[in-house]
Amino acid sequence: SRAGLLLQEKTSLLPTCFCSIFHLPPQDTQGPEAYLYSKTLAAMDSMLQSLVCSAGTFGVLELQNILQLLLPFTNSQTAVVQERALARIARLANFITTYALLQVCPCFARATVAGHQCSKTHQFVMLGKLVGHLTLCCTCDDKRTRHEAAEALHHLHIFVVQQLSRRSWLPNKEQLQHQEGWQVRQPWQCPQTSHALKLFWMFMKYLQPADRVDIILIAIKSFRGLNTYSITVASHMVDILVVDTVFQLRQVLNIVWDIYRNLPSIKAVVALKSLDSALLLLTDKHPSEVVASLLQCSPTCTRVAVAMWKMMFSEPQAAKKVLQELLRMLMNQSLRKTSTSTKDSPRILSLAATRTISEILLQPTCLQEVHSIFPQLFLALLFQVSFTTELMVQEVQIFWKHQQDLLTPIRSAVQSVRVLLCTMGFESQVLAIEAQGGWDALLSTQTHLMGVRIVASEMMKTSRPLRSTIFCHLAELLSVEDPTWEMVAMVFLIEMLDCANLSEHLDRALEIFPMYLQSQCVGMRCLVLRGILRLTERPDMASKTLVLLPYVMEQLQGADSDTGAVALPVLSNMLRLLEGKASSLTALALAGKLRPFFDDESETVRELSIHLFQNTLELVVGAEKKKMKKEVCDILLPLLFHLHDQDKSVAKASQAALCSTGRFLKWGQLAQLAETAQAWRICECLLARNRSKAKDYLHQNQFYLQSPQEPLRQEAVRFI
């Protein structure tokens, strides 16, 4: 760190020095001023060489610091400034090859084994930048500038060969220099463009992926220039480098970013064709990286981004890969991967993908590929709507700052669903959903699931093959729990259970329901139970639902009113489907679980549980009857008190249940008194029949002394 600071201090005045000398007006080739100026430049060369020499083991760093300061001057619009800067680079490159002072790790010019590490002081990271800048300078109109650039490339090539030959990687370095470097000395023998490309090819085998990215970025920036030679060479460089290079994510991002930033300023046809070709090649080899990069560049899909997306969709194979990646982005907004500090958060990228799809769907080139994945894309966008309703404020702000049309993220997601349906020919469904308020319902967290139900019910009016595909895809997604979209997927699937022509696929629902009956997601258990209830009412599926009976009975343990209101009808339907011994055993097991529901706060649950208990009495036979009698005796007093329930339906259900218990116990007096609802007489009858139960009755009675219903509290006091 100290050495680095010292190097910075030593070179801190160089930019000012370069600027002062390079921008001096050009002098005559003869005379005292020309002589003085040549001496000044020679002194500068000597100073730069001294800086490199005096740096010792940090010579490589110092050399790169100086080159980094010189390179901007090679882009000057003034020919004399450009030529002077290139001359300094050429002299400095000649110096380091002549005196062979520097020891550089050969990893800068050849592939290394995995795990290779070398000191920063031995790394030469500027090969790509130098080759890119110097090659383009070989196409300048000024002859002296071209010559200096070619000289610099010649010495740079010798430097590369020297460093590699020291590690016995290249034998006979002199022969290689003679064969590959002689053309550099005679640039006038061939046109500027072909000469520059020949020089460029000399370095191709030494360029690593990072160097190639540097050259591509330099070439893309040069596309904005007016020099025809430079643009032609730059386009060839891009075409060559993109073909066989395997880039990393960050490198792809840098290339895509530079295309995005510079595209509006590029007018040359050859440059635009080169960028189009590069984008297609990158998309073919690195679809995930390209899609993620462009989404980061433009989350709201600006005009420039649309042009880039259109190019990627111009080829069917590329379009297919891009759509698959966008689909993957949409499904990758898991709540476990939140990140509001970076634009590459999966949640932000999925939001950007949603907006992008609504734009690219308007392009006719992608319709065929969209059609092939429509069910998956439709569901992914619908899940995205649900996800967007739960965005945090920070995430909305990240997206919002890119907005130009004030379309909120949630409205953008809903709009994408509508555009997709219209594009695929489902305009009638779109209008029907709108007429029912479905689109508006999707926009609110409170009404979102209702909107999903409306959308699902309308999509059930599409063709049978499409419905089957959607159902199977939903079942596949739900086979793995994901809290981000599982509720929406389950709501949609439940709505599909009424389709008459899905019988061959409904077994998939029976396979996934047990997992979701254990879910901790609020409302999920009730939702699944409603789905099971629908299946128990279908003649073709009712008997198959019995495999779920143990899971449904588990739901009674500690169930709330909402769960009980659905579980009890399900169990009632399932009981009617059972036969023989199974029916008797299930009725016995169920009877013991129903007692807590008699006092539920919901009138519906109280009534359902009492009716279900009455049904169990009719199903118990044989050896189970003796065990059932104990359950019946423990439930007599609660039934008696609920004869006074404020809800008339509950009171009537209790009366019917008491009559059934009397007949089950073969206790005619109880059945007779229950038919006439003589509650007080029934109390006396209970105590008279079995005095030993008095203590148990008093214990049960304690609960009703605290009942929220006043009539039940009064009966509890009278019973005491």
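**Charges and Cover in a Predicted Model**

I begin with K626, which is exposed at a relative accessible area of 71%. Exposed stands for over 50%, buried for under 20% and partly exposed for what falls in between, with a 1.4 Å probe and protein chains only. The areas come from the Shrake-Rupley method with that 1.4 Å probe, and for residues only the protein chains shown count as cover.

The model is predicted: local features need pLDDT of at least 70, side-chain atom pairs count only at pLDDT 80 or more, and totals for chains, interfaces and linings use all residues. Residues are numbered from 1 along each chain as its sequence is written, and side-chain values use heavy atoms, with hydrogens and water left out.

K626 belongs to helix α33, residues 624–641. Helices (H or I, at least four residues) and strands (E, at least two) are DSSP runs, numbered from the N terminus. On the surface, K626 joins K625, K629 and K666 in a patch of positive charge. Patches are made of residues with over 30% relative accessible area and no salt bridge, like charges being joined within 9 Å and nonpolar side chains (Val, Leu, Ile, Met, Phe, Trp, Tyr) within 5 Å. Lys and Arg count as positive and Asp and Glu as negative, while His and the chain ends are not counted. Each charge is placed at NZ of Lys, CZ of Arg, CG of Asp or CD of Glu.

Next, the salt bridges. The structure holds 19 of them, each being a side-chain nitrogen of Lys or Arg within 4 Å of a carboxyl oxygen of Asp or Glu. Helix α33 takes part through E624, whose closest atoms to K581 in a salt bridge are 3.0 Å apart, N and O. This pair links distant parts of the chain, since K581 sits in helix α31 (residues 580–594) and E624 in helix α33, 43 residues apart. E624 is buried, with a relative accessible area of 7%.

Which residue forms a salt bridge with K461? The partner is E458, and the closest N and O atoms are 3.1 Å apart. K461 is exposed at 57% relative accessible area, whereas E458 is buried at 6%. Elsewhere, K221, D258 and R261 are linked in a network of salt bridges.

R534 deserves a closer look. Its side chain meets that of D498 in a salt bridge, 3.1 Å from N to O. Because R534 lies in helix α28 and D498 in the loop between α26 and α27, the pair ties together parts that are 36 residues apart in sequence. R534 is partly exposed, with a relative accessible area of 24%. Not counting residues up to four places away in sequence, R534 touches I494, E495 and D498, contact being heavy atoms within 4.5 Å. R534 and E495 are 39 residues apart in sequence, and their C-alpha atoms are 9.6 Å apart in space.

I494 and E495 are among the buried residues of α26. How many residues of helix α26 (residues 486–496) are buried? The count is 11 of its 11 residues, so the helix is mostly covered. The cover includes α19 (374–388), α24 (448–459), α25 (464–478), α27 (507–516) and α28 (524–536).

I close with T135, in helix α6 (residues 127–137). T135 counts as buried, at 0% relative accessibility. Leaving aside its neighbours within four places in sequence, T135 is in contact with L153, A196, F200, V233 and M237.
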